[in-house]
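Trainee: I would like a close look at a single part of this model, followed outward to whatever else is worth noting. Please take it step by step.

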Amino acid sequence: MNPQERMAGSGSGGFRLSLVAPIYNEEAAILSFFARVAPIAESITADYEIVCINDGSTDGTLAILETVAATDPRIKVVDLTRRFGKECALTAGLDFASGDAVIPLDADLQDPPELIPELVEKWRAGNDMVLAVRRDRSSDTRAKRGFARLFYRVIGRLGEVPIPDDAGDFRLLDRRVVEAIKLLPERTRFMKGIFAWLGFRQATITYVRPRRVAGVSKWRAWTLWNFALEGITSFSTLPLRVWTYGGLLVALGAFAYMIVIIWRTLVFGRDVPGYPSLISILLFFSGVNMIGLGIMGEYLGRVFIEVKRRPLYLVRQTIGFATPPEAPQRRERHD
């Protein structure tokens, strides 16, 4: 849908809106989510859908989704066979969404649905992607705020594509953007980086991130660390390059030290061996080697995952779809 068509339907809706919610163990929040989201979507267009991805929930989330979907045909459920992680669940939601405009958002209501009309207005103005950027993260813990600040600083310096600070998955995507995402075949997904890599015409709005309406966050320190590592290794090869230059500097330093030792031996005779310094040097460079091997292992592990070409997710059942769509086969790139 081009900008003229978007504006032409601005008065009466005239387009299909898809809201995509990856959900994992949100039984305490899911009814509040529907109660707030549905009236807002209804006020924008009568032709909307809420695509809920059950990412292997172990509580009563699926039962609630089935009950609600049975009473409202606009609520659709994609039930995955197990927990595949939020990035893959979000990918599944984008695959099954059919709207001209698609908005991913969290079911815990930390992505305020009241911002949806503003996202749609900027989309109607001709933007292909409208980002919701967090102006304030006071609802997060101090540790999480510090980790996020450090992550965006690091990824900003290491990444080959700029990733906007404090812009999460909450954004509006035009149908062309969604179709472009389907062309990307990588199995290790870092959606913020994928969104940034796509380009397209973008706009932003800012908001203050509220606290969860219920339940607890599923993000733990170890999960956040792995997520950050995934983002860095998915969109930057600089860590590998750093170790190339680091190895060169160490080799030059070792060569210079060898010249000094030869000179001292010729001038002053044989030195008494310094065992403490020798052990310290051996331990230091052994640690450096292990770190370098670990970084190369991270990249090699991702290559191992990619070459197996397993699907990103598996669907156990779908609910509410007139004709259950098949998950798209991502095209392999042949460069």
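Trainee: In which loop is the place of G126?

Mentor: This is a predicted model, and in it G126 sits in the loop between α5 and β5 (129–136). The residue comes just after α5 and takes a positive phi of about 115°. G126 counts as buried because its relative accessible area is 7%, under the 20% cut-off. Across the fold, G126 and R201 are 8.0 Å apart in space, C-alpha to C-alpha, although 75 residues separate them in sequence.

The helix that precedes this loop, α5, spans residues 116–124, and its buried residues are I116, L119, V120, W123 and R124. They lie on the same side of α5, because the arc they cover around the axis is only 135°. An α-helix has 3.6 residues a turn, so residues three or four places apart point the same way.

From there, consider the ring contacts, of which the structure holds 4 aromatic pairs. In one of them, the ring centres of F96 and F321 are 5.7 Å apart with the planes at 55°, so this pair is tilted. F96 belongs to helix α4 (residues 86–96), while F321 falls in the segment after β8 (315–319), so the contact ties together parts that are 225 residues apart in sequence. Both F96 and F321 are buried.

Another of the pairs joins F170 and Y207: the ring centres are 6.0 Å apart and the planes stand at 90°, so the arrangement is edge-to-face. This pair links distant parts of the chain, with F170 in strand β6 (residues 167–174) and Y207 in strand β7 (residues 202–208), 37 residues apart. F170 is buried at a relative accessible area of 1%, and Y207 is buried at 4%.

As for cysteines, the structure holds 0 disulfides. C52 is buried, with 0% relative accessibility. C88 also counts as buried, because its relative accessible area of 10% is under the 20% cut-off.

The surface offers a contrast to these buried positions. L300, V303, F304, I305 and V307 form a nonpolar patch there, and together they have about 490 Å² of accessible area. V303 is found in helix α11, residues 275–308. Its relative accessible area is 47%, so V303 is classed as partly exposed; the class lies between the buried limit of 20% and the exposed limit of 50%.

Note on methods. Residues are numbered from 1 along each chain as its sequence is written. This is a predicted model: local features need pLDDT of at least 70, side-chain atom pairs count only at pLDDT 80 or more; totals for chains, interfaces and linings use all residues. Side-chain values use heavy atoms; hydrogens and water are left out. Patches are made of residues with over 30% relative accessible area and no salt bridge: like charges are joined within 9 Å, nonpolar side chains (Val, Leu, Ile, Met, Phe, Trp, Tyr) within 5 Å. Accessible areas come from the Shrake-Rupley method with a 1.4 Å probe; for residues, only the protein chains shown count as cover. A salt bridge is a side-chain nitrogen of Lys or Arg within 4 Å of a carboxyl oxygen of Asp or Glu. Helices (H or I, at least four residues) and strands (E, at least two) are DSSP runs, numbered from the N terminus. Buried means under 20% relative accessible area, exposed over 50%, partly exposed in between (1.4 Å probe, protein chains only). The arc is that of the directions from the helix axis to the C-beta atoms. A disulfide is a pair of cysteine sulfur atoms within 2.5 Å. Rings of Phe, Tyr and Trp (its six-membered ring) pair if their centres lie within 6.5 Å; planes under 30 degrees apart count as stacked, over 60 as edge-to-face and the rest as tilted.
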